[in-house]
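Colleague: I am new to this structure and would like a close look at a single part of it. Please take one exposed loop residue, and then work outward to what surrounds it.

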Amino acid sequence: WSAAAPSASTPKARAPPRRFPAAPAHARGGPCASLRGGAALRRGSGGPRADGGRRNDKDSARHIRRERWRELSPIQVDLVAQVARYHRKALPSADEHDDFARLPAQDRARVQNLAALLRVADALDRSHRQVVASILCRIEPARLTFEVFASTAIERELATAQKKADLARLVFAREISFAPVTPAAPSATGG
């Protein structure tokens, strides 16, 4: 999936929206599957430290780099670490972050794309109740709309997702919106 906006020569045919089940990202395959999965599995590694301090996203990246990964090459491990590094607060910056600046342009784009999606996914599980069943993404020239299918009301998750969509707005060069889809309540008339 490319973050590039359609060019003037690109036909205006609309692709049907894609619905992504709420299965682990790494279970869906594709060229970035192991990178998505590794970063998603390690996104929570920033918990409290033994010395009482708080771990930050740099600690998560260091932890990922130290771990032995049989299924990932050293380059892929670095990419996973970079995605985890940017999943919460800091945005990727070649001017401010040496590790990110050292990546080839294609890998920097890959890290930005995956971190943008992981930030949104992380926000949609803000409550850690796993209430999101699936997501339908509508891609339009100026907007990405995520229809979020949930088992209950998810106002807090959507508010957090709107904030954490900052990187997605930059990377995909589109406005980002979220629309909740929850099961309809039974009608009072019984019909």
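Modeller: Histidine 128 is a suitable place to start: its relative accessible area is 59%, so it counts as exposed, the cut-off for that word being over 50%. The model is a predicted one. Histidine 128 sits in the loop that runs between H5 and S2. Its phi is near 60 degrees, a positive value in a residue other than glycine. Most residues other than glycine have a negative phi. Glutamine 130 belongs to the loop between H5 and S2 as well, and its phi, near 50 degrees, is also positive although the residue is not glycine. With a relative accessibility of 68%, glutamine 130 is exposed too.

On one side of this loop is helix H5, which covers residues 105-124. H5 has 20 residues, and its first and last C-alpha atoms are 29 Å apart, close to the 28 Å expected at 1.5 Å a residue. Its buried residues include Val111, Leu114, Ala115, Leu118 and Leu124. The list also holds Asp107, Asn113, Arg119 and Asp122.

On the other side of the loop is strand S2, residues 132-139. S2 and S3 run antiparallel and are joined by seven bridges. A hairpin of three residues connects S2 to S3. Within this pair, valine 132 stands opposite alanine 150 of S3.

The elements on both sides of the loop also meet in the interior. In soluble globular proteins, nonpolar side chains tend to be buried together. Here the largest nonpolar core has 31 residues, of which Val111, Leu124, Phe146, Val148, Ile176 and Phe178 touch the most other members. Two or more residues of this core come from each of H3 (74-85), H5, S2, S3 (143-150), H6 (155-164), H7 (166-172) and S4 (175-181). H5 gives the largest share, eight residues. A second core lies apart from that one and has eight residues, including Ile64, Leu72, Val77 and Ala84.

Isoleucine 176 shows what such a core member touches. Leaving out residues up to four places away in sequence, its contacts are Arg143, Leu144, Phe146, Gln162, Ala165, Ala168 and Arg169.

Helix H3 can be checked by its length. Its 12 residues should span 16 Å at 1.5 Å a residue, and its end C-alpha atoms are 16 Å apart, so the two values agree. Buried in H3 are Val77, Leu79, Val80, Ala81, Gln82, Val83, Ala84 and Arg85.

As for the whole protein, there are seven helices and four strands, in the order β-α-α-α-α-α-β-β-α-α-β along the sequence. Of its 191 residues, 38% are buried. About 11500 Å² is exposed, with carbon and sulfur atoms supplying 53% of that area. Among contacts with a separation of 6 or more, 62% join residues 24 or more positions apart.

A word on confidence. The mean pLDDT of the protein is 77, and 66% of the residues reach 70 or more. Residues 1-15 have a pLDDT below 50, and that stretch makes 12 contacts beyond near neighbours in sequence in the model. For residues 20-29 the pLDDT is again below 50, with 16 such contacts. Where pLDDT is low, the predicted coordinates should not be read in detail.

Technical notes: Residues numbered from 1 in each chain as written. Predicted model: local features only at pLDDT ≥ 70, side-chain atom pairs only at ≥ 80, totals over all residues. Heavy atoms only, no water. Expected span 1.5 Å × (residues − 1). Buried < 20%, exposed > 50% of the residue type's maximum accessible area, 1.4 Å probe, protein only. Contact = heavy atoms within 4.5 Å. Areas by Shrake-Rupley, 256 points an atom, 1.4 Å probe, with all protein chains shown as cover. Core = buried A, V, L, I, M, F, W, Y, C linked by side-chain atoms within 4.5 Å. pLDDT = per-residue confidence, 0-100. Pairing = 2+ DSSP bridges.
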